[in-house]
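Reader: Could you take me through how one reads helix packing and strand pairing in a model of this kind?

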Amino acid sequence: MSDARHSRRQFLQLTGSTALLAASGGLLTACGPSSPQAGPQAGTRKAVMPAYVPSSLVKPDLPATAEGVLAAYYSYPAEPVTAFTDKPGEGLGEVKVLTNMFNPVPPGAGANRFWQELNTRLGATLNITMAPAADYVSKLSTVIASGDLPDILMLSATLANRSQILTRLCADLSDLVSGDAVKTYPFLANIPRDSWLATAYQGGVYAIPIPRAIVGTIMFARSDLIAERGLSGEPKSYDDFLALAKGLTDPARNRWAFGSAKGVITYVGTMLGVPNTWREQGGTFTSEHEVEGRKEAIAKTAEMVKAGLFHPDAIGGKLNLRDLFGNGTIALNADGYAAWDILADTYKVDVGAVVSPGPARAGQAYFAITAFKKAERDRLAKLLRICDWLSAPLGTSEYMFRKFGIEGTHYTMKDGTPEPTSLGKAEVKLPLEYIADAPHVLGPRPRARVHAQRAYQERVVPTIVRNPAAALYSETAVNKNGTLAKIIDQAELDIVSGRKPVSHWDEVVRQWRAQGGDQIRRDYETALAKGD
Amino acid sequence: MIVRAVKGVVVAACCALVILPFLAVLSTSLADQAQVTATGGYVLWPDRPNLDAYRAILAGGVVTRALLVSIGVTVAGTLLSLTCVTLLAYSLSRPGSLLHRPILLTVLFTLLFAPGMIPMYLTIKQLGLLDSYWSLILPGLASGFQIIIMRAFFQEIPGELIDAARIDGAGELRILLRVVLPLSKAVIAVVGLFSAVAYWNAFFNAMLYLNDTEKWPLQLVLRTYVIDNSALGVDAADLSGGFLPPPQSMQMAILVLSLIPIAIVYPFLQKHFAKGILIGAVKG
């Protein structure tokens, strides 16, 4: 029975996106013209992105830079500033929200003092529907298909037909946030331009971003192990990097350089001039998969696997990489920038980053985007104020409440750092940061670590390679992302494991192009030419 | 003597194959973070056993409440499902019942074509069942698979018994309750177990239909603890904002908690389970 249910679910997942298209197609027809191209003033106007006005309300120990280096704090500001003197959602009544969550589910509003206090401070009743991140697209698809949109909804980057859903079903925020208008919401204006790129569709701004740093993935290193072996953690070339990896590998002591091939291929690629997803030259796009450097990066990774620099279960196995990094089994691991503190705090080890000899690859500067159901301008303005409140940065009392709850009830300050109480651990788990959030910051953590993180960013961010397609929209890229990624991932695995020769890559790229790669290229080239 | 020793070793090895994973799960749930890190994920024997993981999970009352919801939905769902399936299977097992063939074909049709996620959601919404426990119970109430199994069993009951009851003046309902059901305990047990396990394990429908997290059943709540982080690639790790997944000990504690109820019930029903499965397998 459980097998039957399982296969049924897989079937539903397969058919879900098609059904959503059909269902939302019906709704779209009801809402406006049926031609998918005939969006609001399609092609006749260019979206005016919101202005970037860094907030000066709180002074960080090290300020953010315009290029994208994060602001840094050594400690929590002693006296948090209160950014809002009024209740931003006063008069809104119930506000329905749909978003995802990564935390375990918190107690419901009736039994959650944090949630109740949140509603009091907002002056509105926030009715948050949350779904586990892994299932969120299914939940979102059904809600959209039903036509009964919540007031605020988070749209994942992988949601099929995103452009149509936004432009037909969601509110156009251009009047409220484009250009200088965003200054009405100082903490939304505090979100850097990179993060806003995915919010513009067919000439309008239809969402606000949940910002992330441009710095993206980092090759983390166990600095203590590097020092212990007298190695250099600053490779000047691929050969230096290879020497570092070899020096860190000692199978007799159960120690290897790496635990996963994917991150290594990308990292080696940065040394070989592989573009960040796409390269644009004179209006023509070239995929990272099509350049010679990518193939070479895979070949070099395969050589490293053959040389025994990878954990024996790294290829095809499912390893808990953070634990293995923490206990020293692997010494180098590509992980998200936010993992720096997690690794250092959880495992109490000396974490560093290995700067690539080539330019670093920028990450996606947003987690997802938050859109709004069509409503009166006044209501939209108030909903945006709620999001502005949710984006108040570190150093404000709003931030402290959002992240830690009520002082004395949900947390206590210990040596300048909030310590959650058991009630805090249970209740302060609402996924507010997946509705709207302030740009990330470095720290507050020990000074030496903050300096190391900041130094890394100051070094890589000025020359970081951004994805030229980040601001462009391709329906194929969104809808076929899963299939195409699978083709590439499987081929990489086959080659690095030695099951297939490196020459197999050429055939895979042909397959990738035929199954959607070429269409994505055309989409981007058209979008760029139209200035969408 | 040697043969016995070899047999003993083989049996011990087979037992170890089954017991060790369970022991690892239980031990990891009781181990502290330092030991889990040192061993790279799983612990065979906790050095400093503690119940922190269980305390963390049970704090706040969310899991306890979800447990009650799951028990309620499973018990109510199984009873209702057994009633529906039994009545339908019995009527379909008697030749000449009203609309016999069209109804049988409809049941068979559901085995071949499952409804899609969005049509199901829209139906549930139209029926006004969103955010109601009925949305967890009604959609799986009459499973075609279970109806076919039970029908096959009923068809094997000698017609003479039923004819005799009818001659004695019993109506269809009395025949079902007094003659057929007492002879069908095995199939009722197996279908009941199928239903109960399905209701107990279901989380996806609850995720879709229940917006109010206070109504979430145990499996969905537990899923938020053991969410599949491996599905999130390297790129997703920076996007998620460096959320810290629950430690391995907590994930294993969740496994232990979710295993307990089924582990308690299963031994009592297992003999019926095997018997019932065979009946369904060879008769059609």
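Author: What follows goes from a helix pair to a sheet. This is a predicted model, in which local features need pLDDT of at least 70 and side-chain atom pairs count only at pLDDT 80 or more, while totals for chains, interfaces and linings use all residues. Residues are numbered from 1 along each chain as its sequence is written, chains are lettered from A and ligands numbered from 1 in the order in which they are written, and side-chain values use heavy atoms, with hydrogens and water left out.

Reader: At what angle do α11 and α19 of chain A pack?

Author: Two packed helices are described by the angle between their axes and the distance between the axes. Helix α11 (residues 292–306) of chain A packs against helix α19 (residues 481–496) of chain A at about 45°, the axes being 8 Å apart; α11(A) and α19(A) are therefore oblique to each other (neither under 35 degrees, nor over 145, nor 65 to 115).

Reader: Which residues of α11(A) and α19(A) meet?

Author: On α11(A), A:Arg294, A:Ile298, A:Thr301, A:Ala302 and A:Val305 meet A:Ile488, A:Glu492, A:Ile495 and A:Val496 of α19(A), where contact means heavy atoms within 4.5 Å. These residues divide into 6 nonpolar, 1 polar and 2 charged.

Reader: What is the strand order in the open sheet of chain A?

Author: Strands of a sheet pair through backbone hydrogen bonds, either parallel or antiparallel. Here 5 strands run in the order β2-β1-β3-β12-β6 (chain A) with mixed pairing, two strands being paired if DSSP finds at least two bridges between them. The edge strands are β2 (125–132) and β6 (207–211) of chain A.

Technical notes:
Axes are lines fitted to C-alpha atoms, for helices over the stretch in contact, and angles run from 0 to 180 degrees between N-to-C directions. Helices (H or I, at least four residues) and strands (E, at least two) are DSSP runs, numbered from the N terminus. Ala, Val, Leu, Ile, Met, Phe, Trp, Tyr, Cys and Pro count as nonpolar, Asp, Glu, Lys and Arg as charged, and the others, Gly among them, as polar.
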